[in-house]
Amino acid sequence: MGYAIAEQTLPKDWNILFRNLNDHSIAGIEHQKYPFFSVQFHPEAAPGPVDTQWLFQKFYESL
């Protein structure tokens with residue numbers, strides 16, 4: 001069993017950061033105003049060693 005966000009239920013103040021290329025499901029979101037974001041995959045794992053490094057920098061800066 002998996003979990004997914006139905007795009008039509010995503011509030012207007014949230015942006016889609018990532019989308020799964022296989023099934024087009026939402027794989028990452030971020031808030032337009034507040035420092036909230038989330039991903040539904042392992043950004044440290046693949047596809048490349050620094051492709052999502054900016055996510056970790058964004059998290060670090062939000063601390």
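Which side chains does a polar contact of 2.4 Å join? The side chains of Glu-30 and Lys-58. A polar contact here is a pair of N or O atoms within 3.5 Å; within protein, one must be able to donate a hydrogen and the other to accept it, and residues adjacent in sequence count only if both atoms are side-chain atoms.

Before I go on, the ground rules. This is a predicted model, where local features need pLDDT of at least 70 and side-chain atom pairs count only at pLDDT 80 or more, while totals for chains, interfaces and linings use all residues. Residues are numbered from 1 along each chain as its sequence is written, and side-chain values use heavy atoms, with hydrogens and water left out.

Now the overall layout. The protein has 1 helix and 3 strands, in the order β-β-β-α from the N terminus. Helices (H or I, at least four residues) and strands (E, at least two) are DSSP runs, numbered from the N terminus. The C-alpha trace spans about 30 × 30 × 20 Å along its principal axes. Of the 63 residues, 17% count as buried. Buried means under 20% relative accessible area, exposed means over 50%, and partly exposed is in between, with a 1.4 Å probe and protein chains only.

Back to Glu-30 and Lys-58. The two also form a salt bridge, with the closest N and O atoms 2.4 Å apart. That pair links distant parts of the chain: Lys-58 is in helix α1 and Glu-30 in strand β2, 28 residues apart. A salt bridge means a side-chain nitrogen of Lys or Arg within 4 Å of a carboxyl oxygen of Asp or Glu. Glu-30 counts as buried because its relative accessible area is 17%. Lys-58, at 29%, is partly exposed. Lys-58 has a second partner: it lies over the face of Phe-37, 5.3 Å from the ring centre. For that, NZ of Lys or CZ of Arg must be within 6 Å of the ring centre and within 35 degrees of the ring normal.

How many salt bridges does the count come to? There are 2. Another one joins Glu-7 and Arg-19, with the closest N and O atoms 3.1 Å apart. Glu-7 lies in the segment before β1 and Arg-19 in strand β1, so this bridge ties together parts that are 12 residues apart in sequence. Both ends are partly exposed: Glu-7 has a relative accessible area of 40%, and Arg-19 comes to 34%.

Next to Glu-7 in the sequence is Ala-6, also in the segment before β1. Ala-6 is partly exposed, at 30% relative accessibility. From C-alpha to C-alpha, Ala-6 and Ile-26 are 8.0 Å apart in space, with their positions 20 residues apart in sequence.

On to His-31. Is His-31 buried or exposed? His-31 is buried, because its relative accessible area is 9%. It sits in strand β2, residues 26-31. Its side chain makes a polar contact of 3.0 Å with the side chain of Asp-13. The side chain of His-31 also reaches the backbone nitrogen of Tyr-34, at 2.9 Å.

Now the rings. A pair of aromatic rings is described by the distance of the centres and the angle of the planes. Rings of Phe, Tyr and Trp (its six-membered ring) pair if their centres lie within 6.5 Å; planes under 30 degrees apart count as stacked, over 60 as edge-to-face and the rest as tilted. The count comes to 3 aromatic pairs. One of them is Phe-18 with Phe-41, edge-to-face, at 5.1 Å centre to centre and 85° between the planes. The two are 23 residues apart: Phe-18 is in strand β1 (residues 14-19), and Phe-41 is in the loop between β3 (37-39) and α1 (53-62). Phe-41 is partly exposed, at 29% relative accessibility. Ring pairs join Phe-18, Phe-41 and Trp-54 into a cluster.

Last, the surface. Which residues form a nonpolar patch there? Phe-59, Tyr-60 and Leu-63, with about 410 Å² of accessible area together. Patches are made of residues with over 30% relative accessible area and no salt bridge; like charges are joined within 9 Å, and nonpolar side chains (Val, Leu, Ile, Met, Phe, Trp, Tyr) within 5 Å. Areas come from the Shrake-Rupley method with a 1.4 Å probe, and for residues only the protein chains shown count as cover. Leu-63 is in the segment after α1 and counts as exposed, because its relative accessibility is 72%.
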